[in-house]
Amino acid sequence: MRRFDCLKALSGEAKDALVVSSAGATTLEWNALRPGDGNFRVRTLGLCSSIALGMALGLPQRKVIALDGDGSLLMNLCSLPTIARMNPTNLIHIVFDNQVYEASGCGETATAHGADLVAMARAAGIQHTLWAHSVESFAEAVSRALAERQLTFIGAKVETGRIEVSPYPMDEIENKYRFIRYIEKTEKIEILKTNLPTSYL
Amino acid sequence: MKVDAAARTILSGLKEAGINLIASLPDINLAELLRLIEQDRDVIHVPLCREEEGIGICAGAYLVGKKCAVVMQNGGFFNSNNAIVSTLLQYQIPLLLMIYYAGDIGDRTFSTSGGMTEPVLNAMGIRFYTLRELAQAKEVIQRAQVLAEDSKRPVALLLTKEVLGRRPAAGAI
């Protein structure tokens, strides 16, 4: 199974869901499939699931999708019990497990040696967890998770290799501003206020 | 100073500064503050397993409009350093770091952590203020939040036993 085909299936379902993607090729492939300001690229390995949790808690009426990797999640396994404890019903946590640190030279991760991320998510207390074994079952799981209001963790074993797509078209700070302005516009809220000098306060 | 009065003052300072999401990990000296945060209906409380995930949670919540703080020990601040650098500083995201100052002057333990706290904050370019007077706490919290928002960077407040209140003596911790 190719990650790109899973992402393509997801892009048909995601609508206006906010998408947080882990450092690496996933971000580039996703951005090619669904460009837009509702995408946020993570730069700290491991933090994808936590940043997505923060968004889901902050905007409980909005769907949030985390596109995580095995290396990333292994670095922040403790995000799983925290996500389970907070139980945000608008969060879908997807992990593409290629069993290597692909962006860092393809050394094997612990999932190549028996670590089962879906079993870990279930053991952490997340009730709805599954491995998707085909693009079709992945698409079906995503569709169900988006339709129902329940925290869902989806694992997908994928091949290594990436599709040739364009580089990410902006730096971190532009990504931040565009994302926040997109939230302000679509949620009709004010986040960034002009700061007055203290003498004006 | 009583521990419960101190906790009430600090929490109301945080709320008056607009904070509405707090991620935390316990220290015995933060226990009363965290108990009040957990009970407060105006604040989303996220109890953490490790402080670094709290930096991510608060960054995500900030991006969708929340005002956040992390309450933790200085050991937790050390746990969070990569996330602070490559998420908060890299993306210019403000965050109030409420750090219990273990190993502060007068402590019998954690002097190594205490001694490293201010140098690491300085090295990261994080402006910080050491709270020793509860009477000043509310105002300093609000001003620190203004600074975080204005500078678009994390700002740290070091919480000492003077400001948190000393627990009744029950063996040295």
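In this predicted model, A:M55 makes contacts in both chains. Within chain A, the residue touches A:L18, A:V20 and A:V64. From chain B, the partners of A:M55 are B:G60, B:A61, B:L63 and B:V64. Residues up to four places away in sequence are left out of this list. A:M55 also belongs to the largest nonpolar core, which has 110 residues. Along with A:V20, B:C58 and B:I99, A:M55 is among the residues with the most contacts inside that core.

The contact between the chains draws 29 residues from chain A and 28 residues from chain B. On the chain A side, α3 (48-58), α5 (79-86) and α8 (172-187) each supply at least two residues. The largest share, eight residues, comes from α3(A). By class, the chain A side comprises 17 nonpolar, eight polar and four charged residues.

One of these helices, α5(A), also packs within its own chain. The axes of α5(A) and α6(A) (residues 117-124) come within 8 Å and cross at roughly 45°. The two helices are therefore oblique to each other, since the angle lies between the roughly parallel range, under 35 degrees, and the roughly perpendicular range, 65 to 115. The crossing is right-handed. A:L80, A:P81 and A:A84 of α5(A) meet A:M120, A:A121 and A:A124 of α6(A). This contact has six nonpolar residues, with no polar and no charged ones.

A helix pair in chain B was also examined. Helix α1(B) spans residues 3-16, and helix α2(B) spans residues 31-39. Their axes come within 8 Å and cross at roughly 50°. That angle makes α1(B) oblique to α2(B). Here α1(B) passes α2(B) in a right-handed crossing. From α1(B), the contact takes B:V3, B:D4, B:A7, B:R8, B:I10 and B:L11. From α2(B), the residues are B:E32, B:L33, B:L36 and B:I37. Seven residues of this contact are nonpolar, none is polar and three are charged.

Elsewhere in chain B, B:T117 sits in helix α6(B), which covers residues 111-123. B:T117 has 25 other C-beta atoms within 10 Å and is buried, because 20 or more meets the cut-off. Outside its neighbours within four places in sequence, B:T117 is in contact with B:N74, B:Y101 and B:L158. B:A144 lies 27 residues from B:T117 along the chain, and their C-alpha atoms are separated by 18 Å.

Methods
Residues are numbered from 1 along each chain as its sequence is written. Chains are lettered from A and ligands numbered from 1 in the order in which they are written. This is a predicted model: local features need pLDDT of at least 70, side-chain atom pairs count only at pLDDT 80 or more; totals for chains, interfaces and linings use all residues. A nonpolar core is a set of buried Ala, Val, Leu, Ile, Met, Phe, Trp, Tyr and Cys residues joined through C-beta atoms within 7 Å. A residue is buried if 20 or more other C-beta atoms lie within 10 Å of its own, exposed if 12 or fewer, and partly exposed in between; C-beta atoms are placed from the backbone. Two residues are in contact if their C-beta atoms, placed from the backbone, lie within 7 Å. Helices (H or I, at least four residues) and strands (E, at least two) are DSSP runs, numbered from the N terminus. Ala, Val, Leu, Ile, Met, Phe, Trp, Tyr, Cys and Pro count as nonpolar, Asp, Glu, Lys and Arg as charged, and the others, Gly among them, as polar. Axes are lines fitted to C-alpha atoms, for helices over the stretch in contact, and angles run from 0 to 180 degrees between N-to-C directions. Angles under 35 degrees count as roughly parallel, over 145 as roughly antiparallel, 65 to 115 as roughly perpendicular and the rest as oblique. A crossing is left-handed if the near helix is turned anticlockwise from the far one by less than a right angle, and right-handed if clockwise.
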